[in-house]
Amino acid sequence: MDPLIVTVAPVGAELTPEQTPHLAVKPEQLGDVAAKCQQAGASIIHVHCRNDDGSNTHDTGRFKEAYDQIRARSDLIVQFSTGGAIGMSPEERAGVLDLHPEMATLTCGSVNFGDDIFENSFPIMRGIAKQIDAFGVTPELEVFDLGHIANAKRLAQEGAIRLPAHVDFVLGVPGALDASVEHLIDCVRSLPPDCTWSVAGIGRMQLVLAAVAVAMGGHVRVGLEDNLYYEKGRLARNEELVARVVRIAGELGRPVATPDQARQVLGLAPTAAA
Ligand code: KMH
Ligand code: ZN
């Protein structure tokens, strides 16, 4: 079994600063989260950015500041979101790829997203995939529903992406696949051969699905993007969500990857691109 890759997704696009004091709004705060989460055992940081007032931004300058802060304080694999926030244009979502992050997400289909629609038509997916490829970035395929795996296979047949790839199952979005152990197993069984995978459970299922993934040989994403609480009634800090998964892995005898070991598992170059 590969060592466990723990991704931290500290910010997301849906949380507001009113909901938690632990949301990293400024680039320096993201640098601080990166340092603490690497210390706790994370090897990837999934990045969204905010303006100082907490609103969402995919401004390249803001992402560059965040990238520099993260890199100054950690050796984490930096993975930019190209999902962004509901309402952002595909061009805006993909614009940050200019900064050549080591990884970036590619959402593999549209879903209802609460009362909204997270739109990822084939033309949108092809456009973002093309830029991911052009900038030499390694994609992480975001799968919110079983049909997204079929979409990924179609994109691969067209030559827009390469398989095998690293796939993240985001389970529990209202409007997409529920966060259940059964659905995680369905997802894993539907994967093309030799893909690596992680799971990001939304809400309280984050912990349950993380534990199952550790046992199954998958990888794990935790963080405030997907889960606001450490336990009922207590707001979480990112680093303690990471630390809890690392403790579970320890109990189950699964070694945890350093960032460079994660790069090896994912086929990335051994040191971070500057
Ligand atoms: N905020 C969601 C609409 C990603 O980062 O790639 C999209 C999202 C996916 O978070
Ligand atoms: Zn995200």
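Visitor: Which residue does His46 stand opposite in β5?

Guide: In this predicted model, His46 stands opposite Gln79, a residue of β5. The two strands concerned, β2 and β5 (residues 77-80), pair in the parallel sense, and four bridges link them.

Visitor: Which strand is joined to β2 by two bridges?

Guide: That is strand β1 (residues 6-8), which runs parallel to β2 and is joined to it by two bridges. To pick out one pair of residues there, you can look at Thr7, whose bridge partner in β2 is Ile44.

Visitor: And how does the chain get from β1 to β2?

Guide: Between β1 and β2 the chain passes through helix α1 (residues 27-40), making a β-α-β crossover that is right-handed.

Visitor: Are the residues of β2 buried or exposed?

Guide: Strand β2 (residues 44-47) is covered on both faces, with Ile44 and His46 buried on one side and Ile45 and Val47 buried on the other. His48 is buried too, just as His46 is.

Visitor: OK, switching to the metal: what holds the zinc ion?

Guide: The zinc ion (ligand 2) has three protein donors, namely His46 through NE2, His48 through NE2 and Glu225 through OE, and they lie 2.1 to 2.2 Å from the ion.

Visitor: What spacing do those donors follow along the chain?

Guide: Along the chain, the donors of the zinc ion (ligand 2) follow the spacing H-x1-H-x176-E.

Visitor: Now pockets. How much space is in the largest one?

Guide: The largest pocket holds about 460 Å³ of space, and its lining is made up of 30 residues. Those nearest the centre are Glu14, Phe113, Val173, Glu225 and Asp226, and Glu225 is also one of the donors of the zinc ion (ligand 2).

Visitor: Which strands help line it, and what kinds of residues are there?

Guide: Strands β6 (103-107) and β8 (116-118) each supply at least two residues of the lining of the largest pocket. Sorted by class, that lining has 13 nonpolar, 11 polar and six charged residues.

Visitor: What about the second largest pocket, what's its volume?

Guide: The second largest pocket has a volume of about 320 Å³. It is lined by 18 residues, and Thr138, Pro139, Arg162, Pro164 and Ala165 are the closest to its centre.

Visitor: Which element gives the most to that lining?

Guide: Helix α4 does, with three residues, while the elements that give two or more are α4 (122-134), β9 (138-143) and α9 (259-266). By class, the lining of the second largest pocket divides into 11 nonpolar, four polar and three charged residues.

How values were computed
Residues are numbered from 1 along each chain as its sequence is written. Chains are lettered from A and ligands numbered from 1 in the order in which they are written. This is a predicted model: local features need pLDDT of at least 70, side-chain atom pairs count only at pLDDT 80 or more; totals for chains, interfaces and linings use all residues. Side-chain values use heavy atoms; hydrogens and water are left out. On a 1 Å grid over the protein atoms alone, a cavity is a set of points where a 1.4 Å probe fits but cannot get out, and a pocket is an open set with protein on both sides within 12 Å along at least five of seven lines; lining residues have an atom within 4 Å of a point. Grid points are joined across faces, edges and corners, and a volume is the space filled by probe spheres set on the points. Ala, Val, Leu, Ile, Met, Phe, Trp, Tyr, Cys and Pro count as nonpolar, Asp, Glu, Lys and Arg as charged, and the others, Gly among them, as polar. Donors are N, O and S atoms within 2.8 Å of the metal (3.2 Å for Na, K and Ca); water is not among the atoms, so sites may look incomplete. Buried means under 20% relative accessible area, exposed over 50%, partly exposed in between (1.4 Å probe, protein chains only). Two strands pair if DSSP finds at least two bridges between them. A crossover is right-handed if, with the strands pointing away from the viewer, the path from the first strand over the helix to the second runs clockwise.
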